[in-house]
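Welcome! Here is a friendly walk through a protein model, taken one part at a time. Have a look at the structure first, then read on.

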Amino acid sequence: MRFAPGSHMPGKSHFRCSHCRSDVPIDAPGTAHRNHCPLCLWSRHLDGERPGDRAAGCGGSMEPIAITARKSGEWAIVHRCDVCAELHTNRTAADDNPLLLLQLAVRPLARPPFPLHLLESI
Ligand SMILES: [Zn+2]
Ligand SMILES: [Zn+2]
């Protein structure tokens, strides 16, 4: 399915999340292209190089695996496709689940790759 960048399917105002099955309104506060579910943060592999271009033919589910902060301080979610393993970063929307965003952001700190008590001897 292909349609012009920046336009929505006529008459279509929601999409069905492929992960949690929620009906998600396409219009999102704070972003022109809602590309992930605000409830579970999963996305679908639809876009190519540019957000909203719908140039990818993959269609796989994209797992939110990390948070990155841009120079402006704006947060973006790193998504990894579970079919082709491509990575995308997508800016967060104002109605994204804040608890899940924080869980993603602190995940590396919650699971350090070394025993924390070793830091005392450095
Ligand atoms: Zn979802
Ligand atoms: Zn993919």
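## Before we start

Two strands are said to pair if DSSP finds at least two bridges between them. With that in hand, here is an example to look for: E63 has R80 in β5 as its bridge partner. Please keep in mind that this is a predicted model.

## The overall layout

The protein chain contains one helix and six strands. Following the sequence from start to end, you meet them in the pattern β-β-β-β-β-β-α. The C-alpha trace spans about 60 × 30 × 30 Å along its principal axes.

How much of the chain is buried? Of its 122 residues, 16% count as buried. As for contacts with a separation of 6 or more, 34% of them link residues 24 or more positions apart.

## The sheet

Four strands come together in an open sheet, in the order β3-β4-β5-β6 and with antiparallel pairing. At the edges are β3 and β6 (87-91), each of which pairs on one side only. In general, strands of a sheet pair through backbone hydrogen bonds, either parallel or antiparallel.

Let us cross the sheet strand by strand. β3 and β4 run antiparallel and are joined by two bridges; here S43 has M62 in β4 as its bridge partner. Next, β4 (residues 61-69) and β5 (residues 75-81) also run antiparallel, with seven bridges between them. M62 turns up again here, standing opposite C81 in β5, and further along I67 stands opposite I77 in β5. Last comes the antiparallel pair of β5 and β6, joined by five bridges. I77 takes part here too, with N90 in β6 as its bridge partner.

## Turns between the strands

Two hairpins are worth finding on the model. In the hairpin of β4 and β5, five residues lie between the strands, and G73 takes a positive phi near 95°. The hairpin of β5 and β6 likewise has five residues between its strands, and A85 sits in the turn. The phi of A85 is near 70°, a positive value in a residue other than glycine.

Is A85 buried or exposed? A85 has 9 C-beta neighbours inside 10 Å, and it therefore counts as exposed, since the limit for that class is 12 or fewer.

## The loop between β2 and β3

L41 lies in the loop between β2 and β3. L41 is not a glycine, yet its phi is positive, at about 75°. L41 is buried because 26 other C-beta atoms lie within 10 Å, and 20 or more are enough for that label.

C40 is found in this loop as well, between β2 (23-25) and β3 (43-44). C40 has 19 C-beta neighbours inside 10 Å, so it counts as partly exposed. Setting aside neighbours within four places in sequence, C40 is in contact with C17, H19 and C20. I26 is 14 residues from C40 along the chain, and their C-alpha atoms are separated by 15 Å.

## The nonpolar core

Which residues make up the largest nonpolar core? There are five of them: C17, C37, L41, I67 and I77. In soluble globular proteins, nonpolar side chains tend to be buried together.

I67 is a good place to see how parts of the chain meet. Apart from neighbours within four places in sequence, I67 is in contact with W75, I77, L101, L104 and A105.

## The helix

Helix α1 has 13 residues and reaches 17 Å from its first C-alpha to its last, close to the 18 Å expected at 1.5 Å a residue. Along the way there is a kink of about 35° at L104, shortly before the proline P108.

How is α1 placed against the sheet? Looking back at the strands β4 and β5, which are joined by seven bridges, helix α1 (residues 98-110) packs on the sheet and touches both of these strands. The direction of α1 makes about 70° with that of β4. Even so, α1 is hardly covered: the count of buried residues among its 13 residues is zero.

Definitions and conventions
Residues are numbered from 1 along each chain as its sequence is written. Chains are lettered from A and ligands numbered from 1 in the order in which they are written. This is a predicted model: local features need pLDDT of at least 70, side-chain atom pairs count only at pLDDT 80 or more; totals for chains, interfaces and linings use all residues. Two residues are in contact if their C-beta atoms, placed from the backbone, lie within 7 Å. A nonpolar core is a set of buried Ala, Val, Leu, Ile, Met, Phe, Trp, Tyr and Cys residues joined through C-beta atoms within 7 Å. Axes are lines fitted to C-alpha atoms, for helices over the stretch in contact, and angles run from 0 to 180 degrees between N-to-C directions. The expected span of a helix is 1.5 Å times one less than its number of residues. The bend at a residue is the angle between axes fitted to the seven residues ending there and the seven starting there.
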